[in-house]
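Thanks for coming. I have one structure to go through today, and I will start with a loop and work outward. Please have a look at the screen.

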Amino acid sequence: MAKVTTPGPPARKAIKRAVKGAANDVAPEVSADDSATQARLLRAQEIVNGFDLPPKAKLFVVEYTKDMNGTQAAIRAGYSAKTANEQAAQHLAKLSIKQAVDAVMNDRIEQGIFDGDMVISRWVEISQANPNSLTQYRRVNCRYCWGEGHRYQFTPAEMEDAKQALADTNAKRALEELPELGWDDKGGLGFVGNRDPHPECPECWGEGVGRPFFTDTRKLGRESLPLYAGVKQTKDGLEIQMHNQSDALDKLARHFGLYKDKLADAVEKSYTREALEERFAGAMQRAQERQRQVDEERGTVVNG
């Protein structure tokens, strides 16, 4: 389960600055259809105006904290519907934007302000995200896969270094009146680290070598962004942190009443797995339809 943290120093400073007085470069005002929503959005504007962001970026943050929908937030902030997804991904990959969003959301947590539709939408996004689009384990070619005669294959820089090392060795051998060593191209040039393994490689038996791969978090899209929870430095290196999909599904199941009793300790025994999946799919569809209706009411649905 993801841990909710309190605002860090940048967020607290931003809130204090906002409370004392909004910055000159303020976010454009947003509209709301009820007093509670208006108060929440005004509070968000106050906090966001404490950050050194362009007005359009500030408006994006305010809009994003309505429903955590990056694409729709970009559209509501004035970006083209054709590039909204890309604009949202670029914004949400910036540390300053993340800090502004965290400041608003943590302020709402501290005040006990939650929007049911926003929470459900967030659970749905997390539960449907694809972990493989964020981090992968890949099997790639070994050094012998594509070398000539399945011998060790160099990159250009490696071959240059190997030749220089041989020249240095031969210079020492000449001083000792030893015969010169000859150069061996082995498998030649052309090693590319991300090629597929050679199916008949005698060294790796076509299995290649395993390597972890992490997507550039600056370029995360809707398929993976909801899962991303940051990067942690550990003693073994960097660790990509992700929100818990099982936890999100569990919360959705509880919300839609898919468990047996009030404590949600067990799944209803009278349902088959297929029936449960059908019931869950129906509940999800109703939630998405409700979200669509909310978007229409807020004027956020773009035709076409």
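Where does His150 lie? His150 is in the loop between β1 and α8. Before I say more about that residue, please keep in mind that this is a predicted model, and what follows is read from that model.

The backbone at His150 has a phi near 55°, which is a positive value in a residue that is not glycine. With a relative accessibility of 24%, His150 counts as partly exposed, because the buried class ends at 20%.

Staying in that loop, the next residue I picked is Thr155, which also falls between β1, residues 135–140, and α8, residues 156–175. Is Thr155 buried or exposed? Its relative accessibility is 18%, so Thr155 counts as buried. The cut-off for buried is under 20%, so Thr155 at 18% falls within it. Leaving aside residues up to four places away in sequence, Thr155 touches Arg143, Leu189 and Phe191.

Now to a second loop, the one between α8 and β2. Two residues there are on my list. Glu200 is found in this loop, and at 62% relative accessibility Glu200 counts as exposed. Glu200 also brings us back to His150: the two are 50 residues apart along the chain, and their C-alpha atoms are separated by 9.3 Å.

The other residue is Trp205, again in the loop between α8 and β2, with β2 covering 209–214. Trp205 is not a glycine, yet its phi is positive, about 60°. Its relative accessible area is 68%, so Trp205 is exposed.

Let me step back to the whole chain. How many helices and strands does the chain have? There are ten helices and four strands. In sequence order the pattern is α-α-α-α-α-α-α-β-α-β-β-β-α-α. The chain has 304 residues, and buried residues make up 37% of them. Taking contacts between residues at least 6 apart in sequence, 67% join residues at least 24 apart.

Next, helix α3. This helix is mostly covered, with eleven of its 13 residues buried. The buried residues of α3 include Leu59, Val61 and Val62, but charged side chains are also on that list, among them Lys58, Glu63, Lys66 and Asp67. Just after α3 comes Met68, with a positive phi of about 60°.

What does α3 pack against? One partner is α5. The axes of α3, residues 55–67, and α5, residues 84–92, come within 11 Å and cross at roughly 95°. That crossing makes α3 roughly perpendicular to α5. On the α3 side the contact is made by Ala57, Phe60 and Tyr64, and on the α5 side by Ala88, His91 and Leu92. By type, the residues of this contact divide into five nonpolar, one polar and no charged.

Two of those α3 residues deserve a second look, and they bring in the aromatic rings. A search of the whole structure finds four aromatic pairs. In one of them, Phe60 and Tyr64 have ring centres 5.9 Å apart and planes at 15°, so the pair is stacked. The limit for stacked is under 30 degrees, so planes at 15° qualify. Phe60 and Tyr64 are four residues apart in helix α3, which means they are separated by about one helical turn. Both are buried: Phe60 has a relative accessibility of 0%, and Tyr64 has a relative accessible area of 6%.

Which residues do ring pairs link into a cluster? They are Tyr144, Tyr152, Phe154 and Trp183.

Last, the strands. Strand β3, residues 228–234, and strand β4, residues 237–242, run antiparallel and are joined by five bridges. Together β3 and β4 form a hairpin, with two residues between them. Thr234 stands opposite Gly237 in β4. As a general point for reading the picture, side chains in a regular strand alternate between the two faces of the sheet.

To recap the main items: α3 is mostly covered and crosses α5 at roughly 95°. Phe60 and Tyr64 form a stacked pair. In the loops, Thr155 is buried, His150 is partly exposed, and Glu200 and Trp205 are exposed. That is the end of my part.

Note on methods
Residues numbered from 1 in each chain as written. Predicted model: local features only at pLDDT ≥ 70, side-chain atom pairs only at ≥ 80, totals over all residues. Heavy atoms only, no water. Buried < 20%, exposed > 50% of the residue type's maximum accessible area, 1.4 Å probe, protein only. Contact = heavy atoms within 4.5 Å. Axes fitted to C-alpha atoms, helices over the stretch in contact; angles between N-to-C directions. Parallel < 35°, antiparallel > 145°, perpendicular 65-115°, else oblique. Pairing = 2+ DSSP bridges. Phe/Tyr/Trp six-rings, centres within 6.5 Å; stacked < 30°, edge-to-face > 60°.
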